[in-house]
Amino acid sequence: MAAAPPSYCFVAFPPRAKDGLVVFGKNSARPRDEVQEVVYFSAADHEQESKVECTYISIDQVPRTHAIMISRPAWLWGAEMGANEHGVCIANEAVNTREPAAEIEALLGMDLVRLGLERGETAKEALDVIVSLLEEHGQGGNYYEDANSCHSFQSAYLIVDRDEAWVLETVGKYWAAEKVTEGVRCICNRLSLTTKMDAEHPELRSYAQSQGWWTGEGEFNFSEVFSPVEDHLDCGAGKDSLEKQEESITVQTMMNTLRDKASGVCIDSESFLTTASGVSVLPQNRSAPCIHYFTGTPDPSRSIFKPFIFVDDVKLVPKTQSPCFGDDDPAKKEPRFQEKPDRRHELYKAHEWARAILESDQEQGRKLRSTMLELEKQGLEAMEEILTSSGPLDPAEVGDLFYDCVDTEIKFFK
């Protein structure tokens with residue numbers, strides 16, 4: 001398999017983003033045939049000294065975990081992107097650095113996304129959770145469901161709440177982070193931190209010196225010190241696609257950016273595809289709810305973003321959940337990935353029909369695309385009403401919101 005292509009993640013703050021909203025977006029570029037599921041986990045209390053089984057290792061559980069909604073490759077425990085009930089959103093990117101990533105099984109970057117969401121009430125709390133677990137357990141293991149070779153990476157994260165974002169970049173257990181409260185920020189599969197670091201591992205600089213990557217003199221530039229010498233990956237066009245928007249950035253702008261194939265933000269290549277996408281809207285006004293949109297299907301230019309809002313009584317959506325193979329799952333047995341089971345969920349299967357039409361029959365494809373966008377528009381307009389309403393949100397009205405949208409989409413494809 002070729003090296004991973006740029007996979008993008010964005011955040012825009014007011015006043016660049018419209019109406020006092022923080023807007024977050026992520027495209028997940030993964031192997032073409034990989035299925036992503038969208039899964040809700042309610043808040044939960046856990047017994048003392050209990051363990052949580054992550055993708056490859058078990059770690060100590062905490063007394064309480066927050067409710068989360070995540071999009072994840074169906075074979076693993078963690079998440080590519082997601083949100084929690086407190087309005088924290090996290091996404092990660094696989095990055096290459098001067099130090100090769102460990103192939104030894106530890107926590108995956110995607111496990112740390114989920115752990116940050118389950119344990120952090122703010123972006124900063126989630127950051128602290130991730131770096132402490134990184135220090136304790138390390139990161140490593142295969143990022144892909146591939147028995148033939150181990151694809152391991154270091155990780156970068158965009159961690160966002162209603163007030164601020166943190167860009168966290170890691171090299172083994174070492175890390176640095178920058179706080180962002182204005183403008184537009186993009187991360188992709190290369191290091192982006194330079195000399196502005198608002199938090200860092202206490203031994204980061206001495207480690208760089210011990211490896212001969214920094215002399216200890218002059219300004220410490222994280223990307224220059226830790227990027228691979230042969231770093232040809234270019235994220236520039238994708239980064240510019242949102243930053244150069246002259247209009248205020250809205251949820252629609254973010255969706256359009258994630259659908260943009262010309263800039264390379266939306267990947268559709270021989271080996272890789274944008275297998276799922278997510279957009280979140282976090283109002284700085286705390287009386288308004290955060291709204292999270294997930295596709296649950298590949299290629300956002302041929303998918304519908306469906307809204308979700310955290311309330312106490314969320315209706316579960318089995319149609320975006322992949323089959324569960326339990327202990328017989330080839331991802332859980334060693335040696336791993338000796339077989340590849342069919343992980344397609346009901347929405348994915350229904351959407352395959354739509355993708356085939358959108359790719360082949362021009363007239364029928366155009367009609368289908370416009371109907372899909374109309375469905376999405378109805379959802380966006382209903383969410384706009386909720387955001388601009390002065391009255392309190394009625395939980396009974398939105399508990400089955402995502403369920404209904406998925407159901408409508410499947411019926412429409414049939």
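# A tour that starts in a cavity

Start by selecting Phe24, Met81, Gly82, Gly278, Val279, Ser280 and Phe294: together they line the second largest cavity. Two elements each give two or more residues to that lining, namely strand 9 (81-84) and strand 16 (272-283). Strand 16 gives the most, with three residues. Colour the lining by class and you'll get four nonpolar residues, three polar ones and no charged ones. The space inside has a volume of about 50 Å³. Before you go on, keep in mind that what you have open is a predicted model.

**Stop two: the largest cavity**

How many cavities of 30 Å³ or more turn up in a search of the whole structure? There are three. The largest cavity has a volume of about 100 Å³. Its lining is made of 13 residues, and the ones to select are Ala29, Arg30, Glu80, Ala94 and Asn189, the closest to its centre. Show strand 2 (21-31) and strand 10 (89-95) as well, since these are the elements that give two or more residues to the lining of the largest cavity. By class, this lining divides into six nonpolar, three polar and four charged residues. How is such empty space found? Rolling a probe the size of a water molecule over the atoms shows where empty space is left.

**Stop three: the largest pocket**

Now pick Arg72, Trp75, Leu76, Trp77 and Lys332, which lie nearest the centre of the largest pocket, out of 28 residues lining it. Strand 3 (36-41) and strand 5 (51-53) are the elements that give two or more residues to this lining. Which element has the largest share of the lining? That is strand 3, with three residues. The pocket holds about 600 Å³ of space. Its lining residues divide into 14 nonpolar, five polar and nine charged.

**Stop four: threonine 55**

From the pocket, move to threonine 55, in the loop between strand 5 and strand 6 (58-60). Is threonine 55 buried or exposed? Its relative accessibility is 12%, so it counts as buried, the cut-off for buried being under 20%. Setting aside neighbours within four places in sequence, show what threonine 55 is in contact with: Trp75, Leu76, Trp77, Gly78, Leu108 and Asp111. Trp75, Leu76 and Trp77 will be familiar, as they are among the residues nearest the centre of the largest pocket. For a measuring exercise, draw a line between the C-alpha atoms of threonine 55 and aspartate 404: they are 349 residues apart along the chain and separated by 30 Å.

**Stop five: alanine 12**

Next, select alanine 12 in strand 1 (residues 9-12). Alanine 12 counts as buried because its relative accessibility is 0%. Beyond its neighbours within four places in sequence, alanine 12 is in contact with Ala17, Leu21, Val22, Val23, Gly183, Val184 and Ile249. Try a second line here, from alanine 12 to glutamate 243: the pair sits 231 residues apart in sequence, yet 8.9 Å apart in space, C-alpha to C-alpha.

**Stop six: backbone oddities**

Two loops deserve a zoom. Most residues other than glycine have a negative phi, and most peptide bonds are trans. With that in mind, go to the loop between strand 1 and strand 2, where you'll find proline 15. The peptide bond leading from proline 14 to proline 15 is cis, with omega near 5°. Aspartate 19 is in the loop between strand 1 and strand 2 too. Though not a glycine, aspartate 19 has a positive phi of about 60°. Aspartate 19 counts as exposed, because its relative accessibility is 55%.

Then jump to the loop between strand 18 (306-308) and helix 7 (346-359), home of proline 335. A cis peptide bond links glutamate 334 to proline 335, with omega about -5°. Phenylalanine 337 is also placed in the loop between strand 18 and helix 7. It has a positive phi of about 60° without being a glycine. Phenylalanine 337 is buried, with 6% relative accessible area.

**Last stop: the whole chain**

Zoom out and show everything as a cartoon: ten helices and 18 strands make up the count for the protein chain. Its C-alpha atoms fill a box of roughly 60 × 50 × 50 Å along the principal axes. A compact globule of 414 residues would have a radius of gyration near 22 Å, so the chain's 20 Å agrees with that. Colour by burial, and 57% of the 414 residues count as buried. Switch to the surface view for a finish: the accessible area is about 17,600 Å², with 45% of it belonging to carbon and sulfur atoms.

Methods. Residues are numbered from 1 along each chain as its sequence is written. This is a predicted model: local features need pLDDT of at least 70, side-chain atom pairs count only at pLDDT 80 or more; totals for chains, interfaces and linings use all residues. Side-chain values use heavy atoms; hydrogens and water are left out. Helices (H or I, at least four residues) and strands (E, at least two) are DSSP runs, numbered from the N terminus. Buried means under 20% relative accessible area, exposed over 50%, partly exposed in between (1.4 Å probe, protein chains only). Contact means heavy atoms within 4.5 Å. On a 1 Å grid over the protein atoms alone, a cavity is a set of points where a 1.4 Å probe fits but cannot get out, and a pocket is an open set with protein on both sides within 12 Å along at least five of seven lines; lining residues have an atom within 4 Å of a point. Grid points are joined across faces, edges and corners, and a volume is the space filled by probe spheres set on the points. Ala, Val, Leu, Ile, Met, Phe, Trp, Tyr, Cys and Pro count as nonpolar, Asp, Glu, Lys and Arg as charged, and the others, Gly among them, as polar. The radius of gyration is taken over C-alpha atoms; the globule rule is 2.2 Å times the number of residues to the power 0.38. Accessible areas come from the Shrake-Rupley method with a 1.4 Å probe; for residues, only the protein chains shown count as cover.
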